[in-house]
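Biologist: I am new to this structure and would like to know how its labels are earned. Please show it, and I will ask about the terms one by one.

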Amino acid sequence: MLYETKKFSTESIGRQSSLSDDKKIVYAHMPTYPKYILSQETIDYLKKPTFDIWHWEPNEMLSLLEHMYHELGLVHEFNMNPVTLKRWLLCVQASYRNNPFHNFRHCFCVTQMMYGMIHLCNLQEKISKFDLGLLITACVCHDLDHPGYNNAYQINAKTELAIRYNDQSPLENHHAAVCFQILSQPECNIFSNVSEADFLRIRVGIIALILATDMARHAEILEKFKHNVDQFDWNNDEHITSVETSKYPLDS
């Protein structure tokens, strides 16, 4: 159960009807969302893969996503400004279209399942908080501005996205581009306090994870993971990457 402690702002949010790499979200009048106090029951339930995503309103999902960043220690790890985290989540929410499936609830569903798997598998004891931050952030951003039609349609219809990305995972490339378009805005950059070298690691990692959501690559990614299973080494970056990318069938 969530308990609301602050009323929703009446300010409206502006948004481009269709984002592209050279368009930006208008957030000058970004609303706030209610501040909720999460019950212990909700906190415990959120960590389970059996969590029911259908019982929550959009503002509640925003609060639950915010809680994940705090609970996993990501706010501290990346020295995030908590206000910027809220604003970034609102920008992300505004960048999901009102599709029947690839919408903000789907974003929350995938992120919560990853959060549940992190706790179920004790991944916080096996991989760094830095990598956990990449995983969770990639989940949040993995379908940004999804137009509602799959890659096969984009390629066959010769859409702008297919032409821009040369028929190579056009949707996933677009989602990653919109992710960093949002982060390029100082008011929404949750990674603004990391070093230039760490931001490059963040960018490379998140792009790789989002591109791994293209189901056309699933067999290839799963084969790499299976190859590493018998001699798996948690200190091997390549092995860690194979675990992280193989989890993305959650998106199918």
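Modeller: This is a predicted model. A place to begin is a pair of rings: F78 and F130 are both buried.

Biologist: Where in the chain are F78 and F130?

Modeller: F78 is in the loop between α3 (74-77) and α4 (82-94), while F130 belongs to helix α6. The two are 52 residues apart, and their pair links distant parts of the chain.

Biologist: Why is the pair of F78 and F130 called tilted?

Modeller: A pair of aromatic rings is described by the distance of the centres and the angle of the planes. The ring centres of F78 and F130 are 5.3 Å apart, and the limit for a pair is 6.5 Å. Their planes meet at 45°; under 30 degrees would be stacked and over 60 edge-to-face. The angle falls under neither heading, so the pair is tilted.

Biologist: What lies over the face of F130?

Modeller: R201 does, at 3.9 Å from the ring centre. The distance part of the test asks for CZ of Arg within 6 Å of the ring centre, and 3.9 Å meets that. The charged end of R203 sits over another ring, that of F180, 4.9 Å from its centre.

Biologist: How many aromatic pairs does the structure hold?

Modeller: There are nine aromatic pairs. One of them joins F51 and F108, with 6.1 Å between centres and 70° between planes.

Biologist: What makes the pair of F51 and F108 edge-to-face?

Modeller: The angle of 70° is set against a cut-off of over 60 degrees, and 70° passes it, so the pair is edge-to-face. F51 is in the loop between α1 (40-46) and α2 (58-71), and F108 is in helix α5 (residues 104-120), 57 residues away along the chain. Ring pairs also join F51 and F108 with Y45 and W56 in a cluster.

Biologist: How do you know whether F51 is buried or exposed?

Modeller: The relative accessible area of F51 is 5%. Buried means under 20%, so F51 is buried. F108 has 0% relative accessibility and counts as buried as well.

Biologist: Why is I207 called partly exposed?

Modeller: I207 has a relative accessible area of 23%. Partly exposed covers the range between 20% and 50%, and 23% falls there, so the label holds. I207 is found in helix α10 (residues 196-211). Leaving aside neighbours within four places in sequence, I207 is in contact with A176 and F180. The C-alpha atoms of I207 and E172 are 8.8 Å apart, although 35 residues separate them in sequence.

Biologist: Which UniProt annotation covers D143?

Modeller: The unreviewed UniProt entry gives "binding site" for D143. D143 is in the loop between α6 (129-141) and α7 (151-156).

Biologist: Is D143 buried or exposed, and what is the value behind the label?

Modeller: D143 has a relative accessible area of 3%. That is under the 20% cut-off, so D143 is buried.

Biologist: What makes the link between D143 and H142 a polar contact?

Modeller: Their side chains come to 3.0 Å, and the distance limit for a polar contact is 3.5 Å. Residues adjacent in sequence count only if both atoms are side-chain atoms, and this contact runs from side chain to side chain.

Biologist: And the chain as a whole?

Modeller: The protein chain has 12 helices and two strands. Of its 252 residues, 50% count as buried.

Note on methods
Residues numbered from 1 in each chain as written. Predicted model: local features only at pLDDT ≥ 70, side-chain atom pairs only at ≥ 80, totals over all residues. Heavy atoms only, no water. Helix = DSSP H or I, 4+ residues; strand = E, 2+ residues; numbered from the N terminus. Buried < 20%, exposed > 50% of the residue type's maximum accessible area, 1.4 Å probe, protein only. Contact = heavy atoms within 4.5 Å. UniProt positions renumbered as here; feature names shortened; annotations may be inferred. Polar contact = N/O pair within 3.5 Å; in protein donor to acceptor, adjacent residues only side chain to side chain. Phe/Tyr/Trp six-rings, centres within 6.5 Å; stacked < 30°, edge-to-face > 60°. Lys NZ or Arg CZ within 6 Å of the ring centre and 35° of its normal.
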